[in-house]
Amino acid sequence: MSQTQWTVLGAGSLGCLWGGYLNRAGFSVTLLHRSGVSAPESLYLTPFQATEEVAFEAKLKSAEQCAPGSIKQLIIATKAQDALTAVAGVEHALADDAIILVLQNGMGAQQAVAEKYDRYAIVAACITDGAFRSEPGHVIHAGKGISRVGALNAKGKAVESAVVEQLKQMDLVIEHCPDINQALWNKLAINIGINGLTALDQCLNGELNDPERLAHVEILCQETEQVMQSLKLQIPEHGLFGLVKDVINGTAKNRSSMLQDIQKGKSTEIEYINGYLLKQAKALGIPAPENQKIYDAVLKRFHSANAL
Ligand code: NAD
Ligand code: KPL
């Protein structure tokens with residue numbers, strides 16, 4: 001059994017999913033839960049389409065309990081809005097040659113970590129799996145997807161292949177992605193087209209096929225496409241609207257992550273989805289009124305004035 005260690009920061013759905021699969025693949029895992037919040041009492045993973053959950057092992061700690069220099073490979077498994085603060089909380093424990101893997105949805109949080117912690121190797125994962133917790137420490141792998149993994153900075157480039165080789169030992173689909181920026185933008189475009197609308201209309205992804213809603217999806221896609229073209233990014237062959245419609249149909253029965261967040265009374269990742277697009281559009285002088293409308297409406301309805 002490999003004794004290679006991974007520290008996973010955030011004992012939520014994806015933290016437990018990756019922690020569970022890493023441990024099942026033979027890695028030694030430390031799972032860092034929020035300080036002041038009790039650690040999960042037991043750790044179980046229900047693999048994709050399995051009928052029974054399987055136990056996994058991880059050392060449970062809070063960030064303050066980590067010794068200086070003890071973290072060599074760190075996965076940041078928090079929501080986008082918590083990522084920078086979470087890394088700051090474990091900074092004292094990072095080894096000089098630490099690798100940090102960021103796996104947030106949207107864009108902006110990963111880039112902020114890469115900018116502030118450029119002295120470390122930063123690698124990002126763009127994940128299309130779906131996971132949720134049935135109770136603390138118990139995670140269900142509900143949707144099989146792909147995790148595309150690639151470097152966000154120069155030090156990350158030097159280690160990305162080795163990181164991918166380790167991650168491929170998990171029973172998840174892991175792909176090396178030499179252009180992670182493009183992959184993150186494609187996923188961002190999907191989340192721009194789906195998440196805000198489903199949260200505001202409290203509907204399933206498939207219910208965006210309603211013609212009136214689909215018209216809004218199309219405008220969101222057109223605005224995103226203009227920004228992506230201006231940034232010289234590739235547009236999928238059938239356009240972003242085609243891509244987003246495929247995902248709407250492929251995930252028709254899903255509640256988007258943003259809808260789930262607001263139904264649980266949590267803050268959303270809107271700042272890192274439509275909010276990120278708006279920042280890019282503004283810098284490029286491209287109007288994006290539909291994104292602005294969705295962004296403003298989500299903030300007004302679901303966030304208190306100082307929540308972000
Ligand atoms: P989650 O809310 O289930 O888990 C996040 C965890 O991070 C929570 O347990 C929270 O307490 C913890 N956390 C926050 N700040 C912390 C800190 N400073 N120290 C320790 N723990 C801290 O969220 P999730 O569903 O696991 O999502 C994580 C990220 O992955 C998000 O960006 C999400 O969009 C993305 N993602 C999720 C899925 C999925 O199916 N769940 C799929 C793809 C991408
Ligand atoms: O990534 C998603 C999310 O909900 O955040 C999609 C692809 C829209 C699936 O629900």
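**Exercise 1. Find the hairpin formed by strand 9 and strand 10, and say which residue in its turn has a positive phi.**

Step 1. Strand 9 and strand 10 make a hairpin, with 2 residues between them. Strands here are DSSP runs of E with at least two residues, helices are runs of H or I with at least four, and both are numbered from the N terminus.

Step 2. In the turn, look at glycine 137: its phi is positive, about 85 degrees.

Step 3. Now check the pairing. Strand 9 and strand 10 run antiparallel and are joined by 5 bridges; two strands count as paired if DSSP finds at least two bridges between them. Phenylalanine 132 sits opposite isoleucine 140 in strand 10.

A word on the ground rules: this is a predicted model, where local features need pLDDT of at least 70, side-chain atom pairs count only at pLDDT 80 or more, and totals for chains, interfaces and linings use all residues. Residues are numbered from 1 along each chain as its sequence is written, while chains are lettered from A and ligands numbered from 1 in the order in which they are written.

**Exercise 2. Put that hairpin into its sheet: what is the strand order?**

Step 1. The sheet is open, has 4 strands in the order 4-3-10-9, and shows mixed pairing. Strand 4 (54–55) and strand 9 (130–135) are its edges, each pairing on one side only.

Step 2. Strand 3 (residues 44–46) and strand 10 (residues 138–143) run parallel, with 3 bridges joining them. Leucine 45 is the residue opposite valine 139 in strand 10.

Step 3. Add helix 1 (residues 13–24), which lies across strand 3, strand 9 and strand 10 at about 100 degrees to strand 9. That angle is between N-to-C directions, on a scale from 0 to 180 degrees, with axes fitted to C-alpha atoms (for helices, over the stretch in contact).

**Exercise 3. Trace the sheet of 8 strands and list helices that lie across strand 8.**

Step 1. This open sheet follows the order 5-2-1-6-7-8-11-12, again with mixed pairing. Strand 5 (59–62) and strand 12 (174–176) each have a single partner strand, so one side of each has no neighbour in the sheet. From one strand to the next, the twist averages 25 degrees.

Step 2. Strand 8 (residues 121–127) and strand 11 (residues 147–151) run antiparallel, with 5 bridges between them. Valine 123 is opposite alanine 151 in strand 11.

Step 3. Helix 4 (residues 154–167) crosses strand 7 (94–102), strand 8, strand 11 and strand 12, at about 50 degrees to strand 8. Helix 5 lies across strand 8 and strand 11, at about 35 degrees to strand 8.

**Exercise 4. Where does the largest nonpolar core lie, and why?**

Step 1. This core has 97 residues, and Ile76 and Ile100 have the most contacts inside it. A nonpolar core is a set of buried Ala, Val, Leu, Ile, Met, Phe, Trp, Tyr and Cys residues joined through C-beta atoms within 7 Å.

Step 2. Helix 5 (residues 180–201) gives the largest share, 11 residues.

Step 3. Domain 1 (5–178) and domain 2 (182–302) both contribute residues, so the core lies between them. Those bounds come from an automatic or database domain assignment.

**Exercise 5. Is glutamine 49 buried or exposed?**

Step 1. Glutamine 49 is in the loop between strand 3 and strand 4.

Step 2. Glutamine 49 counts as exposed because it has 8 C-beta neighbours inside 10 Å. The cut-offs are 20 or more other C-beta atoms within 10 Å for buried, 12 or fewer for exposed, and partly exposed in between, with C-beta atoms placed from the backbone.

Notes
Contact = placed C-beta atoms within 7 Å.
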